[in-house]
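Welcome! Have a look at the sequence and the structure, and then let us walk through them together.

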Amino acid sequence: MSHPEEHRGRWRPRLDRPALVALLFGLVGVGYRLVLTLFTVPVSNSDEATFGLAALHIGQGREHPVFLYGQHYMGMLESYLAAPLVAVAGPSWPVLRLPMLALYAVFLYLIHRLTRRVCTPWFAAFVVGLLALGPERVVRDQLTVVGGRPEVKPAVLLMLLITVGLAAGTVRHRRLAVGLFGLLVGVAAWSDWLILPYLAVAGLALVWAVRRELLGWPGLLLVAGVVVGVAPMIVDNLRAGPGDDSLSVFREVSTKEGPLPQWSDRIRGGLLEGVPLAHGLCPVDGCGRWQQWFGLLYPVLLVAGAALAVLAYRRAAGVPGAERVERAGVASAGAEQRPGGLRAERVGPVVQLALVAGAALTVLSYVRSPLAATSPLDNARYLSVLQLSLPAVLWPLWVAALTAWRGTSSVLGRLTGALSAAVLAALTVTMLVVTVLFVATGTAASRTEERQARELAAALRADGPHEVYGDYWTCNRLIFNTDESVICGVLDGDLSPGQNRYRPYWRQVGRAERPGYVVVVDSPMDRRLRRLLADRGDAAPVREVGGYRVYHPDTPVRPWR
């Protein structure tokens, strides 16, 4: 990535041309997301607000949650990262999201380093350029504080870089590196179970790289690191009551009553909708037929990536590095790696195989769920970790296109290379077009909704009522926007108690002598509440603020009691 350059008696790193291009792409990607963060785009919601309220409580020393309020399987690392900022600056969406922006920058840096080590410098720059783009579905997964995905992706990349360094002999403190690997595994497992397929394949790559060393102190440090990282989850599960442990709760939320959709429907929803959405080829409201092509091609690319990695692995034993690049099209560790023997030469293909296997296992796990068929748009976020495998997935296309461009292949090879170049160009153009459309037309609705939520918060904070009932998507966002000066209890549309993640809020509103109601205008809750008040003959003061109606009856209205 860089070369030392002597300047007035000091050595300074000098970036080569591919690294400079990658840096430019990275700065554009981070700057673009910084602007979105400052304008709270994508729009906030009550799920994110729950993490924000947890960060507020952590910063104040009131709570130290292990899992998201109201559940036992989503770790709270993002809240802990945001807690110092929220404690100093107060609750606001840009402040809450700044750690996610930093994690995205770390993700870009690490995936560039890994891609450069196991592929080539220019391909690494190309991957960074693709990841700098992002329509709503992509940037929502990267910037919003909803648990898991922004932090586990850098963790996996760092684990794989540790594996590469250990195999190449470039890591000085090998035992500490193995211990850090274990710590990252534990923290990632606590944070989000969706990353488990990647943790499994990264662990296998580590075992391949240092299997003999793991029989001694490095192995003990690896286990100790895992235990320390996952310790919060272990302690919480030991204290949990029957049925409240993480595995039981996760199994319950992952199942759906009724007949399981057919495999064809689940595969269609997972590949044709989920995969293109997760890679930024579609707007948030779904993929057109012209955007679904990448989902059809994705399994083919996984097979091609695996085959290319196996070929490079087998040829590493007898073919010199430079000749192997030309023959097999795979620059395993490139010229950047120090001499480390056969294992150093083979670690690149091993990492590529790990990324291919991680993607395949993730897709398979997703299409096993009925949600892949019944609600593919809402649940495509569970495939956002596939960005980790983008280098391994696109590498066969890059190799074929580069080989054809150099004119070192047959007629069939040149035809394949031309098609591969066209696919890469189509992928880039599609992602760019969808990103531009999002910036041009997709941000206005988010900013309008965010403005209305702020207007509601300001009105209630100033004039009351300060204890209210509302629906799930109103309550915690209202509490966060008012810095807990307005407390809200969650009701369902039929005015029965809803999903109150933080029970003290519900109890506080329940003790209020004259609670109010905050409902979306003409929503089912609004219509039911108006009928109930009319039957009581209660002339409740009503005012409209930012698309909401605020009711404040003279006497409490709690029909569930």
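Axes here are lines fitted to C-alpha atoms, for helices over the stretch in contact, and angles run from 0 to 180 degrees between N-to-C directions. Keep in mind as you read that this is a predicted model.

Q: How do the axes of helix H2 and helix H4 cross: roughly parallel or roughly perpendicular?
A: Two packed helices are described by the angle between their axes and the distance between the axes. For H2 (residues 46-60) and H4 (residues 93-118), the axes come within 11 Å and cross at roughly 90 degrees. Angles of 65 to 115 degrees count as roughly perpendicular. The two helices are therefore roughly perpendicular.

Q: Which residues of H4 meet H2, and how do the residues of the contact divide?
A: On the H2 side, Glu48, Ala49, Gly52 and Ala55 take part, and they meet Trp93, Leu96 and Arg97 in H4. The residues of this contact divide into four nonpolar, one polar and two charged.

Q: Is helix H7 largely enclosed or largely exposed, and how many of its residues are buried?
A: H7 covers residues 149-168 and reaches 29 Å from its first C-alpha to its last, close to the 28 Å expected. A residue counts as buried under 20% relative accessible area. H7 is largely enclosed by the rest of the structure, because the number of its 20 residues that are buried is 19.

Q: Where does the chain have cis peptide bonds at Pro42 and Pro465?
A: Most peptide bonds are trans. Pro42 sits in the loop between H1 and H2, while Pro465 sits in the loop between helix H19 and strand E3. With omega about 0 degrees, the cis bond at Pro42 joins it to Val41. The one at Pro465, also with omega about 0 degrees, joins it to Gly464.

Q: Is Glu484 buried or exposed?
A: Glu484 lies in the loop between helix H20 and strand E4, and its phi is positive, near 65 degrees. Its relative accessibility is 17%. Because the cut-off is under 20%, Glu484 counts as buried.

Q: Which helix has the lowest mean pLDDT among the elements of the chain?
A: The chain averages a pLDDT of 89, and 91% of the residues score at least 70. Over residues 319-339, however, pLDDT stays under 50. Where pLDDT is low, the predicted coordinates should not be read in detail. Helix H5 has the highest mean, 98, and the lowest, 41, belongs to helix H14.

Conventions:
Residues numbered from 1 in each chain as written. Predicted model: local features only at pLDDT ≥ 70, side-chain atom pairs only at ≥ 80, totals over all residues. Heavy atoms only, no water. Helix = DSSP H or I, 4+ residues; strand = E, 2+ residues; numbered from the N terminus. Expected span 1.5 Å × (residues − 1). Buried < 20%, exposed > 50% of the residue type's maximum accessible area, 1.4 Å probe, protein only. Parallel < 35°, antiparallel > 145°, perpendicular 65-115°, else oblique. Contact = heavy atoms within 4.5 Å. Nonpolar A, V, L, I, M, F, W, Y, C, P; charged D, E, K, R; others polar. pLDDT = per-residue confidence, 0-100.
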